[in-house]
Structure formats: structure tokens, C-alpha cells
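Reader: I am new to this structure. Could you take me through it with short questions and short answers?

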Amino acid sequence: LWFGAFTSSAGTWLQEAALTWILYYLTHDILYLAILPVFSTGPVILFTLLGGVIADRIDRRRILLASQWTQLTCASVLSVLAFMRAPTMMLVWSALALSFVTGCAQAFGGPAYQALIPTLVEKKDLPNAIALNSIQFHLARVVGPTVGNIPFRFISEQLLAAAISFGINSISFLAVIVALLSLNVRYIPTGG
């Protein structure tokens with residue numbers, strides 16, 4: 001699960017870096033660079049509390065699977081739009097809308113993941129599991145953008161490089177999906 005979460009997180013950070021670059025490349029307007037975080041992290045700020053409530057009442061593994069499949073789909077659509085060279089403003093606004101949907105998925109997936117960790121390890125190992133989770137998240141923040149910039153370095157066609165980066169992100173979600181499907185965790189709803 002740690003490797004899957006790391007791969008997925010690195011893919012998400014990879015996409016953020018590539019998306020920032022391609023939005024500026026397409027528009028040459030820094031306004032879109034200010035709007036992107038509002039669309040991508042705004043839902044996390046707005047809906048994470050609700051996501052935590054739902055994670056306490058619904059099977060966390062199913063929430064996580066839905067979140068990962070949603071993010072995979074958004075990254076795939078973005079990759080196809082970039083590869084097909086969609087009209088500039090269509091691509092820009094689609095990217096912002098897909099970032100919003102991805103942010104919504106993260107708002108529900110994040111709390112479910114945090115709540116799932118204690119069910120996977122014994123109580124004495126919980127501090128180590130939390131530390132490992134923190135390590136994977138912060139390591140992914142470094143690895144993701146680094147890998148995401150490689151296509152831009154070697155491919156002169158910027159939209160093709162972006163399509164490859166978004167495609168790598170969509171594939172990265174498969175690692176955590178496979179890990180989640182292999183878990184055999186029984187959901188026990190809490191009272192209330």
C-alpha cells in the first residue's frame with residue numbers, strides 16, 4: 001500500500017507541475033496559474049471535513065477506490081485532450097474543471113486513507129505507519145515534479161510532452177488501485 005500511495009501521490013504532483021507549465025505555455029497569462037490552485041485545492045479545503053465524516057460511516061477501501069478511479073479518469077481525459085491538441089481555451093477550461101473534480105476526489109480519498117492506516121497495523125506500530133505515510137507524501141512532492149518535467153526536456157512539442165506527463169499520472173493510479181484491491185480489510189462501522 002505504501003508503494004501504491006507513493007506512486008499515486010508522485011503522479012498527482014507530476015500532473016500539478018505539468019499542468020502549471022502547460023497552462024502558462026498555452027495562455028501566457030499568470031492569472032490561470034493563480035486560478036489553478038483554487039480549482040485543485042479549493043475542494044480539498046471545502047469538502048475534507050465531509051470526507052472525514054463519510055470515511056467514518058462507509059467502507060474506506062471503497063471510498064479510496066472510487067477516489068482513485070475518478071482521478072485516473074480525469075488524468076486520462078486530460079492526456080487525451082492534450083494529445084489530440086484540443087483548442088486552447090477548451091483545453092484550459094477542461095484542465096481547470098478536471099482539477100476541480102480531482103480535488104473533490106482527493107477531499108474524500110484523503111480522510112479515508114488516513115482512517116484506513118490504523119486498521120492495517122497493530123496499535124504499537126501505528127506511529128511508524130504514520131511516519132512512513134508522511135515520508136511517502138513528502139518524497140512524492142519531490143519525485144513527481146522531477147519525473148513530470150522529463151518529457152518537457154526531451155520533447156519539443158509541449159502539448160505532446162504534457163499528454164505524456166498526464167498519461168504517466170493516469171497510470172500511476174493503477175499502483176494504488178491494485179494495492180487497495182489486494183487488501184483484505186473488513187469494514188466495521190462505528191456506532192452513531
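Reader: Is Asp-125 buried, exposed or partly exposed?

Author: This is a predicted model, where local features need pLDDT of at least 70, side-chain atom pairs count only at pLDDT 80 or more, and totals for chains, interfaces and linings use all residues. Residues are numbered from 1 along each chain as its sequence is written, and side-chain values use heavy atoms, with hydrogens and water left out. Buried means under 20% relative accessible area, exposed over 50%, and partly exposed in between (1.4 Å probe, protein chains only). Asp-125 has 28% relative accessibility, so the class is partly exposed.

Reader: Which residue meets Asp-125 in a salt bridge?

Author: A salt bridge here is a side-chain nitrogen of Lys or Arg within 4 Å of a carboxyl oxygen of Asp or Glu. Side chains of opposite charge can pair when their charged atoms come close. For Asp-125 the N to O distance is 3.4 Å. The partner is exposed, at 63% relative accessibility. Its name is Lys-124.

Reader: How many salt bridges are there by this rule?

Author: Lys-124 and Asp-125 form one of them. Asp-56 also pairs with Arg-60, their closest N and O atoms being 3.7 Å apart. Glu-157 pairs with Arg-85, with 3.9 Å between the closest N and O atoms. The count is 3.

Reader: Is Arg-60 buried or exposed?

Author: Its salt-bridge partner, Asp-56, is partly exposed at 35% relative accessible area. Arg-60 has a relative accessible area of 12%, so this residue is buried.

Reader: How many residues apart are Glu-157 and Arg-85?

Author: Their salt bridge has 3.9 Å between the closest N and O atoms. The pair links distant parts of the chain. Glu-157 sits in the loop between helix 5 and helix 6, and Arg-85 in the loop between helix 3 and helix 4. Along the chain they are 72 residues apart.

Reader: What is the phi of Arg-85?

Author: Arg-85 is partly exposed, with a relative accessible area of 44%. This residue is not a glycine, yet its phi is positive. The value is about 55 degrees.

Reader: Where is His-28 found?

Author: His-28 is not a glycine either, and has a positive phi of about 50 degrees. His-28 is exposed, at 57% relative accessible area. Helices are DSSP runs (H or I, at least four residues), numbered from the N terminus, as are strands (E, at least two). His-28 lies in the loop between helix 1 and helix 2.

Reader: How many disulfides does a search of the whole structure find?

Author: A disulfide is a covalent bond between the sulfur atoms of two cysteines. The rule here asks for a pair of cysteine sulfur atoms within 2.5 Å. The search finds 0.

Reader: Which cysteine sulfur is nearest to that of Cys-74?

Author: Cys-74 is buried, with a relative accessible area of 6%. Cys-74 is in no disulfide, and the nearest cysteine sulfur is 9.3 Å away. That sulfur belongs to Cys-104.

Reader: Which helix gives the most to the nonpolar patch?

Author: The patch is formed by Trp-2, Phe-3, Leu-132, Ile-135 and Leu-139 on the surface, with about 500 Å² of accessible area together (Shrake-Rupley method, 1.4 Å probe, only the protein chains shown counting as cover). Its residues have over 30% relative accessible area and no salt bridge, with nonpolar side chains (Val, Leu, Ile, Met, Phe, Trp, Tyr) joined within 5 Å; in charged patches, like charges are joined within 9 Å. Helix 1 (2-27) and helix 5 (126-154) each supply at least two residues. With 3 residues, the most comes from helix 5.

Reader: Where does the largest share of the lining of the largest pocket come from?

Author: A pocket is an open set of points on a 1 Å grid over the protein atoms alone, where a 1.4 Å probe fits, with protein on both sides within 12 Å along at least five of seven lines; lining residues have an atom within 4 Å of a point. The largest pocket holds about 790 Å³ of space. Of its 35 lining residues, the closest to the centre are Ser-9, Thr-12, Gln-71, Gln-106 and Phe-137. The largest share, 10 residues, comes from helix 4.

Reader: What separates the C-alpha atoms of Gly-144 and Thr-12?

Author: Gly-144 lies in helix 5 and is buried, at 2% relative accessible area. Gly-144 and Thr-12 are 132 residues apart along the chain. Their C-alpha atoms are separated by 7.2 Å.

Conventions:
Grid points are joined across faces, edges and corners, and a volume is the space filled by probe spheres set on the points.
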